[in-house]
Amino acid sequence: MPTREDRIELLQGTLDLLILRTLRPGPSHGHAIAKAIERSSDAILQVEQGSLYPALHRLLKRGWITAEDGTSENNRRAKFYRLTPLGRKQLAVETSKWETVAAAIARVLHRRERPS
Amino acid sequence: MTHRPDLDDLDREIADHIDAETLDNIAQGMSETDARAAALRKFGNITRVKEDVRDVWIAAWWDHCRQDARDAWRRVRRSPGLAIAVAGTLALGIGLTTAIFSVVNAVLMRPLAYVNPERTVWLSTVDPRDNTEGMLSGFDFADWRAQSTTLARAVAYSFWDATVVASPYTGRWRILSASDGFWAMTGAQPVLGTLPPADREDVLILTHHTFRDRFGSDPHVIGRVITVGGESATIGAVLPEGFAPQLPAWQWRPGVDQIAIDAYRGLRPPAPGQNRRAVQQAPIYLAIGELAAGVSLEQARAELATIHKGIDRGEWAATSVAVTPLRDKVTGEARFALQLLLAAALCVLLITCANVANLLLSRASARQREIALRMSVGGGRLRLVRQLLAESLAFAVLGGLLGIMVAWALVRTIVGALAPSIPRLAETTVDTRVLAFAAALSCVTALVFGLGPALALSRTNALDLLRGSSRTASPRVRVAARASMVLQLALTVVLFSTAGLLLKSVWQMTSYPPTLDPGQVLMVRVEFAGEAYREPAPRTAYVDALLERARQLPGVRQAAVTTDQGSWTVVIKEGQPVPEDRAAHSATVSSVSPGFGPLLGLSLVRGRWLSDNGQRGEVLINEALARQDFPGVDPIGQRLQLPWVDNRLGTIVGVVQDLKYARIDADAEPELFVHYKHTRLFGVTLALRLDGDADAALPTVVKALADIDPTQALFAVNTLEQRLSQSIAPQRFNLVLLATFAVVALVIVVLGIYGVVAYTVSARTQEIGIRVALGAYQRQVVGMIVRQAMSSVALGLAAGLVLSALAARLVATLLYDVAPTDAPTLAAVTALLAAIAVAASTVPALKAAVVDPTIALRAD
């Protein structure tokens with residue numbers, strides 16, 4: 001398990017992107033989303049789980065996801081979030097944006113190691 | 001944009017989340033307590049999360065609103081001239097409407113001053129033949145009260161004007177006598193003393209103003225013995241300030257209830273079940289009642305009708321019962337006039353809105369570029385409209401605040417100047433309901449005047465505008481400006497023609513015989529009181545003395561007395577039976593001194609006046625009576641049965657012309673005059689015709705007359721002019737307010753026409769410059785602009801005339817001797833407004849025509 005220092009605090013926009021990505025395979029509820037983000041990043045990206053909810057509502061408001069009532073895996077009533085077509089499009093846009101930025105940063109970092 | 005979901009679910013969702021995390025932790029081998037603590041830690045601050053979620057939804061619209069408000073306020077402040085014009089115009093419209101609403105609120109909406117106002121009813125008898133209100137006999141009242149179960153209470157009352165001597169003070173008081181139940185119905189709690197039993201007629205309960213003004217608020221006044229109407233009475237209690245239950249007066253003595261009551265006392269109605277055949281006289285009352293809980297008006301009506309039918313009234317006229325909600329009785333007549341005034345005020349407000357919309361439109365053309373720019377970079381239309389509306393709202397709030405001040409001032413003026421003309425008007429104040437109304441009105445106004453310009457602007461075609469000149473207004477904006485001008489003018493025509501019709505009515509009402517100057521006639525009333533005047537002889541002697549003394553006074557040209565339509569009779573001709581339809585053959589009877597007719601400037605139509613020495617049996621009738629009972633017959637020499645003495649006949653000696661001196665808004669009533677020496681007098685009105693202004697001579701005259709017998713108070717002293725104008729006070733009230741509205745509307749419209757023309761001219765500066773440069777005469781340019789404005793003016797006037805015709809039909813009942821489609825009035829109004837409209841459009845046209853073409857052409 002990574003130590004506390006290794007965990008990276010998420011920027012707001014990044015969390016939104018991660019949520020969208022997590023929902024791509026299908027609808028999910030709050031706790032499951034938090035777990036999925038943790039799991040798929042090998043617990044390096046640590047969400048303070050509460051902050052997930054304002055982010056979900058931000059996405060709801062923009063119309064990128066919708067919420068509906070459903071039953072969770074352990075048979076409890078839960079709110080399921082689902083990606084909308086608009087959200088799916090947004091995910092593509094954000095992903096490519098993120099990749100561009102990440103690549104740019106990588107290039108910048110890489111250039112410092114080159115001999116001048 | 002998505003709608004805000006139900007945030008109540010959030011609590012459950014968070015709880016579920018933490019439960020799930022706890023279960024996960026337990027599965028990893030933690031103890032239950034540790035597992036929950038870890039889950040909570042991992043979740044973070046729950047309150048904060050909830051706040052953040054809420055903020056996601058609230059922040060946006062709240063931020064937008066605040067931003068809009070800030071923007072709007074900044075814009076308003078940036079153009080103070082426009083702000084003053086808009087807020088000032090709005091203040092007038094909102095102020096007028098709010099003031100009239102305050103009156104409506106007080107007169108029609110506020111509950112009556114009774115414990116159960118909705119269950120308080122007016123009890124009266126109705127003459128079934130002509131549906132007029134009859135007199136209520138004390139015996140009938142007693143039987144109703146004894147037998148009714150639908151009425152929880154029934155209270156008889158009557159007004160009594162008595163001379164009060166509380167030495168050194170002597171004066172005339174209006175005293176209200178009320179039977180048992182009155183204090184319970186009004187919920188009165190005295191501030192001093194205790195309320196006496198209702199059958200004590202010799203204990204007075206003072207109103208607060210009497211206590212303060214007559215007795216200097218001296219608490220020792222309780223128990224003091226004073227003389228009231230010649231008999232002694234004790235002061236028992238003092239009522240709180242503002243105690244003023246609404247008590248209607250007799251229909252045949254209108255306005256009696258407009259005089260403030262000085263004191264109350266008990267009233268002992270006769271015992272129920274009296275044999276009507278055995279009595280000669282019945283006390284006459286007015287009555288109110290309180291329906292028992294859960295009883296409907298219809299039930300009470302049915303029950304009282306049955307009771308009333310069961311009464312054997314012998315010789316007394318057959319009547320039926322009327323049970324009316326007291327509210328309808330008190331303000332029924334004023335209701336229509338007030339609704340009319342409210343409609344007129346709303347007209348002014350609509351004009352105001354149209355005008356402000358115009359102002360905003362003309363300025364908006366300057367902003368079209370900004371708006372086009374914003375829209376071309378993706379500004380939302382909805383957001384834009386909202387922003388423009390926020391700006392309107394800012395103006396409306398300013399206008400509303402000023403308007404409340406205007407309303408407050410107006411209410412004070414109206415109440416001060418016109419209080420006696422409408423029942424309950426004196427109760428008018430600016431209360432919270434009025435303030436709420438003003439606030440709501442401001443918001444609605446903002447929507448009305450803001451929406452048009454906002455929509456017109458938001459349809460701006462961005463590309464066209466950015467390419468073109470900012471001075472070229474879009475056709476949509478120009479059409480909107482024109483339309484609003486037409487609307488304003490049309491409404492102004494309606495206001496003016498209605499005011500004109502009312503003015504003409506009042507004019508007709510106040511046209512006196514040419515020989516009469518009502519400002520020179522002074523009238524004084526005396527009603528006999530006290531032991532010394534029990535018999536007819538001293539009364540007649542007093543009147544003789546009064547006349548003689550009056551004639552000797554310097555400056556008095558003529559003096560006469562009248563009992564002022566003191567009684568009423570059925571006209572029975574000699575040798576003929578009592579007419580079947582009594583109401584159609586009735587007349588009011590006045591006992592007069594022979595000089596009364598000549599004093600009022602009346603002329604004889606036939607025959608002669610009553611003789612000076614007062615020969616018995618002489619009768620003078622007026623034209624209305626001659627028309628009613630002697631159609632096609634010479635009435636002179638005809639003999640009538642005199643009403644107050646059985647089987648005595650009187651001979652008609654003359655016919656005098658009609659005069660409306662009591663209520664000039666009604667047709668002249670048939671009248672019969674006899675000499676005062678042959679009737680039993682209860683009181684007389686002395687009329688004096690003076691050489692000069694009656695007002696000036698008043699104090700000396702009254703002083704000299706009072707010296708004849710200081711125990712007889714002289715009251716209701718006023719000039720005939722004042723009396724006449726009081727009798728048409730409601731009409732004057734309507735007229736004054738409507739005329740005010742019309743003038744305000746006119747001012748606004750003149751500004752509006754000026755504004756629209758000035759704006760059109762400014763939008764066409766280049767074109768005008770070209771015309772001038774090409775050699776057009778100034779006269780031609782002015783003519784062109786005015787002609788174009790006139791097309792809207794003509795349309796407005798025409799529409800206004802059509803609307804006026806409709807409105808006039810509504811106000812027909814308020815008119816007197818004037819047809820609703822009175823051509824001279826309508827023509828005069830149209831001509832006046834057309835002239836003013838031409839003037840208002842000529843000024844900016846003249847300004848435009850003197851423009852220097854080089855400057856005009858350079859203008860952007």
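How many salt bridges are there over all chains? The count comes to 27. We'll visit a few of them on this tour. Keep in mind that you are looking at a predicted model.

**Stop 1: the two chains**

Start by colouring the structure by chain. Select chain A and switch to a cartoon view: you should find four helices and three strands. Walk along the sequence and they come in the order α-β-α-α-β-β-α. Chain A has 116 residues, and 40% of them are buried. Its exposed surface comes to about 7300 Å², with carbon and sulfur atoms supplying 54% of that. Now think about contacts between residues with a separation of 6 or more: in chain A, 51% of these are between residues 24 or more positions apart.

Next, select chain B. Here you'll meet 23 helices and 23 strands. Of its 860 residues, 50% count as buried. Chain B exposes about 39300 Å², and 58% of this is supplied by carbon and sulfur atoms. Among its contacts between residues at least 6 apart in sequence, 81% join residues at least 24 apart.

**Stop 2: a helix and its cover**

Stay in chain B and select residues 208-215, which make up helix H7. Which residues of this helix are buried? They are His208(B), Thr210(B), Phe211(B) and Phe215(B). Show them as sticks, then look at what covers them. The cover includes strands S4 (151-166), S5 (169-178), S6 (192-193), S7 (203-206) and S9 (231-238) of chain B. Just after the helix, click on Gly216(B): its phi is positive, near 55°.

**Stop 3: a salt bridge inside one helix**

Jump to helix H3 of chain B, residues 46-78. Pick out Asp71(B) and Arg74(B), which sit three residues apart in this helix, about one turn. They form a salt bridge, with their closest N and O atoms 2.9 Å apart. Are the two partners buried or exposed? Asp71(B) counts as buried because its relative accessibility is 16%, under the 20% cut-off. Arg74(B), at 49%, is partly exposed.

**Stop 4: two more pairs**

Select Arg200(B) and Asp202(B). This salt bridge has its closest N and O atoms 3.0 Å apart. Both partners are partly exposed: Asp202(B) has a relative accessible area of 33%, and Arg200(B) has 37%.

Now move to Arg606(B) and Asp634(B), whose side chains meet in a salt bridge at 3.0 Å, N to O. Arg606(B) is in strand S17 (residues 604-607), while Asp634(B) is in the loop between helix H16 (623-629) and strand S19 (639-641), so this pair ties together parts of chain B that are 28 residues apart in sequence. Arg606(B) is partly exposed at 41%, and Asp634(B) is partly exposed at 36%.

One more selection takes in both chains: Lys35(A), Glu38(A), Glu21(B), Asp24(B) and Lys42(B). Salt bridges that share partners join these residues into one network.

**Stop 5: two surface patches**

Turn on the surface. For a patch of negative charge, select Asp517(B), Asp693(B), Asp695(B) and Glu721(B). Glu721(B) belongs to helix H18 of chain B, residues 720-727. With a relative accessibility of 43%, Glu721(B) is partly exposed.

For a nonpolar patch, select Leu350(B), Val444(B), Val448(B) and Leu487(B). Together they have about 310 Å² of accessible area. Leu487(B) sits in helix H13 of chain B, residues 475-509, and is partly exposed at 35% relative accessibility.

**Stop 6: a buried serine**

Hide the surface for the last stop and go to strand S16 of chain B (residues 586-592), where you'll find Ser591(B). Why does Ser591(B) count as buried? Its relative accessibility is 6%, and buried means under 20%.

Which residues does Ser591(B) touch, leaving out those up to four places away in sequence? Show Val561(B), Thr562(B), Thr563(B), Val674(B), Tyr676(B), Thr679(B) and Leu681(B) as sticks to see them. To finish, draw a distance line from Ser591(B) to Thr563(B), C-alpha to C-alpha: these two residues are 28 apart in sequence, and the line should read 5.2 Å.

Conventions. Residues numbered from 1 in each chain as written. Chains lettered and ligands numbered in written order. Predicted model: local features only at pLDDT ≥ 70, side-chain atom pairs only at ≥ 80, totals over all residues. Heavy atoms only, no water. Helix = DSSP H or I, 4+ residues; strand = E, 2+ residues; numbered from the N terminus. Buried < 20%, exposed > 50% of the residue type's maximum accessible area, 1.4 Å probe, protein only. Contact = heavy atoms within 4.5 Å. Areas by Shrake-Rupley, 256 points an atom, 1.4 Å probe, with all protein chains shown as cover. Patch = residues over 30% accessible without salt bridge, like charges linked within 9 Å, V, L, I, M, F, W, Y side chains within 5 Å. Salt bridge = Lys/Arg side-chain N within 4 Å of Asp/Glu carboxyl O. Lys, Arg positive; Asp, Glu negative; His and termini not counted. Charge placed at Lys NZ, Arg CZ, Asp CG, Glu CD.
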